[in-house]
Amino acid sequence: MANAHKDFNTAPLDPALEQEVRTIVNDLSLTEKIKMLSGHGFFENFFGEENRQFGQRAYPAGSGNERHGIPSLHFCDGPRGARHKRNTTCFPVTMARGATWDRNIERRVGEAIAIEARALGASISGAVCINLLRHPAWGRAQETYGEDPVHLGEMGAALTEGLQTHNIIATAKHFAVNSIENSRFKVDVRVSDRALHEVYLPHFKRVLMSGCASVMSAYNKINGDYCAHSVPLLRKILKGQWGFKGFVHSDWVKGCYGEDALTAGLDVEMPEGIFYGSNLEGAVGRGEVDEAHIDEAVTRILRTQFTFARTDDPRTYSDEDLACNAHIQLSRAVAEKSFVLLKNDDLLPLNPNDTQTIAVIGKLADEVNLGDRGSSSVNPPYAVTLLNGLTSAAGPNTTIVFDDGSDPKRMTKCAEAADVVIAIVGYTWENEGEFIPGNEALEGLDPDKQLPSRGGDRDSLTLLSSDEAMIAKLSDTNDRLLVGVMSGSAVIMESWRDKPAAIMMTWYPGMEGGNAFASVIFGEINPEGRLPFSIPADADHLPFFDAEADEIKYGLYHGYTLLEKSGHRAAFPFGYGLSYTDFTYSDIRQTKGDSLPTFEIDVTNTGDRPGTETVQLYIGFGESLIDRPVKLLRGFEKVTLRPGETRTVAFSVSPQDLAYYDATAQSWQVEPVGYTAHIGANSEDAVTRTVRFELNQAAYS
Ligand code: BGC
């Protein structure tokens with residue numbers, strides 16, 4: 001399917017469309033224009049018939065003028081499905097999808113979410129959450145794809161392309177440096193220009209260059225200003241340097257703090273015009289806000305809305321699309337690709353036709369655990385637990401028994417009698433999720449103060465002590481133990497990871513998670529998930545994090561770049577994951593040596609079953625004369641190989657892949673030094689295959 005709007009931010013403006021918009025803007029009164037710069041009716045519904053439940057419908061989200069027959073835009077949340085009170089498909093959380101490293105399937109997820117959102121009457125989707133995972137304690141880690149800007153950008157662009165194929169405007173959120181929950185309404189993130197451009201923004205740029213037509217500003221501050229009020233962020237970088245042609249809207253309630261946001265570049269205040277609306281009219285009257293900014297905001301909204309509304313739809317949309325079979329099957333396929341096998345000492349796969357007893361232990365195995373209950377939560381018509389999935393996939397001679405683990409004696413007995421034990425541990429929405437502050441956020445808006453707070457950042461990076469005790473007991477009891485970890489980001493496993501025979505990240509695996517899990521456990525599907533973040537051996541190897549911070553500094557290093565810079569090995573490195581087969585890599589060949597060098601490598605499946613490998617290219621900066629990461633991911637490709645099959649994977653490198661951001665010159669620079677290309681199965685493995693190269697002189701000019 002074509003990506004209908006891929007040129008939205010890069011092609012020249014359409015003169016006829018611009019003229020048409022200009023004519024409308026000139027005809028609108030100030031009041032009419034200002035009315036288009038916010039949502040309407042959110043609070044009336046929220047405090048009325050919605051009974052303080054978020055996400056009951058698609059929210060009116062700016063635009064709308066009856067005289068000109070222009071409808072309001074309607075916003076539908078994501079990212080794990082189209083959010084609505086009606087039943088829709090629940091996909092694995094974004095972090096699970098990040099672990100697929102699969103652009104194609106993510107594009108299909110985008111299409112499915114868009115199809116359902118269109119069927120629900122929405123025109124704009126909040127599914128593209130691409131904040132960088134700086135620290136695993138972040139409550140909303142599960143809503144993004146991982147720690148690396150290149151990987152994040154590729155996956156976010158794939159989702160955007162899928163969404164926009166169905167003429168849904170994708171909104172990239174939360175712009176920018178948004179990665180602490182508890183203090184998200186107040187924290188001031190101090191970040192240098194260099195760290196901003198190299199670490200925290202490249203994925204936003206990548207997604208916008210794939211056509212993403214809207215941006216949601218973050219709640220937090222950046223270098224002293226709320227993001228919705230940040231001139232450097234919105235005016236200078238987004239609308240200036242990057243040439244973004246769409247519109248920026250705020251996050252919901254407490255996302256905007258005054259009329260001056262318009263001057264800074266915030267086009268739409270959501271969910272209602274608290275500072276915009278009549279206040280904005282007053283501000284224009286007093287000369288505090290230039291009407292030209294209002295005209296610009298309306299122009300951006302109409303340009304975007306008309307472009308999307310007038311592009312032919314590839315199909316029609318109806319109720320039949322909601323949680324339809326095709327989308328449910330896609331949810332299962334994504335989950336199957338997302339599980340990351342971290343350890344496997346000859347335990348998996350199990351044969352479903354063996355005569356065996358499998359003890360499934362832990363209450364999470366028997367619970368619907370789809371992820372957090374903030375704005376990303378969706379209502380699927382049903383969900384298959386891991387226990388249900390295993391039970392229905394087991395052959396006639398396999399007996400599945402379950403124990404919730406609450407009584408250690410009973411649990412031990414159950415595990416002793418079993419041939420294999422599968423323990424499911426981890427978190428729920430109560431341990432990590434979006435922080436919904438309730439009354440605090442609705443101060444002055446909610447007369448009855450009836451909204452309790454929930455969610456937030458994780459308290460701990462290890463498993464709950466009850467889970468760790470359970471693993472210790474079970475591993476003493478039965479050697480054939482698999483530990484499945486449900487979580488949205490890294491869990492520190494040092495105290496127990498040598499004990500079980502196998503460990504697998506299951507994430508929050510979506511409505512078909514149980515069936516997908518069973519297909520991997522029983523070997524029908526070969527695991528292919530790879531970690532989209534590093535799992536450190538020690539919390540001290542992570543950057544500083546404070547969930548209650550008023551101010552925090554974000555630097556150049558986190559995740560694998562920090563581990564490598566400080567010489568710490570990961571417990572499980574970025575990009576890591578096992579398969580039921582084995583892959584070997586040849587040496588790297590450089591096939592072109594000019595300004596666009598290309599590197600090739602042969603990858604062979606040396607095992608006895610088909611499998612999929614994610615081949616990763618890193619560029620090393622060891623010869624740099626300035627402070628730079630040891631190496632950075634610059635490309636990845638998936639290859640599916642039959643037993644014995646070899647395929648060549650090629651990567652080309654552009655000067656931008658080598659560049660650093662020179663804050664003094666305010667531009668990207670390529671140092672005239674040598675670089676290294678590393679290709680392999682994960683960030684540590686790639687070091688074993690290295691080739692040095694230089695660009696020719698022409699590349700520097
Ligand atoms: C979240 C956004 C979400 C919005 C609307 C906010 O609290 O931060 O991600 O899109 O609510 O539900």
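Contact here means heavy atoms within 4.5 Å, a cut-off to keep in mind for the helix views of this predicted model.

**View 1. Helices H6 and H8 lie across strands of the sheet.** Helix H6, residues 149-165, lies across S3 and strand S4 (169-175). Its direction runs at about 165° to S3. Helix H8 (residues 202-209) lies across S3, S4 and strand S6, the last of these spanning 214-217. Take S4 as the reference for H8, and the angle is about 170°.

**View 2. An open sheet is built from six strands.** Follow the order S1-S2-S3-S4-S6-S9 from one side to the other, and you will meet mixed pairing. At the edges stand S1 (59-65) and S9 (247-249); each has a single partner strand, so one side of each is left without a neighbour in the sheet. On average, neighbouring strands here are turned by 30° against each other, direction ignored.

**View 3. Strands S2 and S3 pair in the parallel sense.** Here we zoom in on residues 70-77 of S2 and residues 124-129 of S3, which are joined over three bridges. Look for Cys76, which stands opposite Ser125 in S3.

**View 4. Cys129 and Cys212 are both in no disulfide.** The structure as a whole holds zero disulfides. For Cys129, the nearest cysteine sulfur is that of Cys212, 12 Å away; a disulfide calls for sulfur atoms within 2.5 Å. Seen from Cys212, the nearest cysteine sulfur is that of Cys129. Cys129 is buried, with a relative accessible area of 1%, and Cys212 is buried too, at 0%.

Note on methods: Residues are numbered from 1 along each chain as its sequence is written. This is a predicted model: local features need pLDDT of at least 70, side-chain atom pairs count only at pLDDT 80 or more; totals for chains, interfaces and linings use all residues. Side-chain values use heavy atoms; hydrogens and water are left out. Two strands pair if DSSP finds at least two bridges between them. Helices (H or I, at least four residues) and strands (E, at least two) are DSSP runs, numbered from the N terminus. Axes are lines fitted to C-alpha atoms, for helices over the stretch in contact, and angles run from 0 to 180 degrees between N-to-C directions. Buried means under 20% relative accessible area, exposed over 50%, partly exposed in between (1.4 Å probe, protein chains only).
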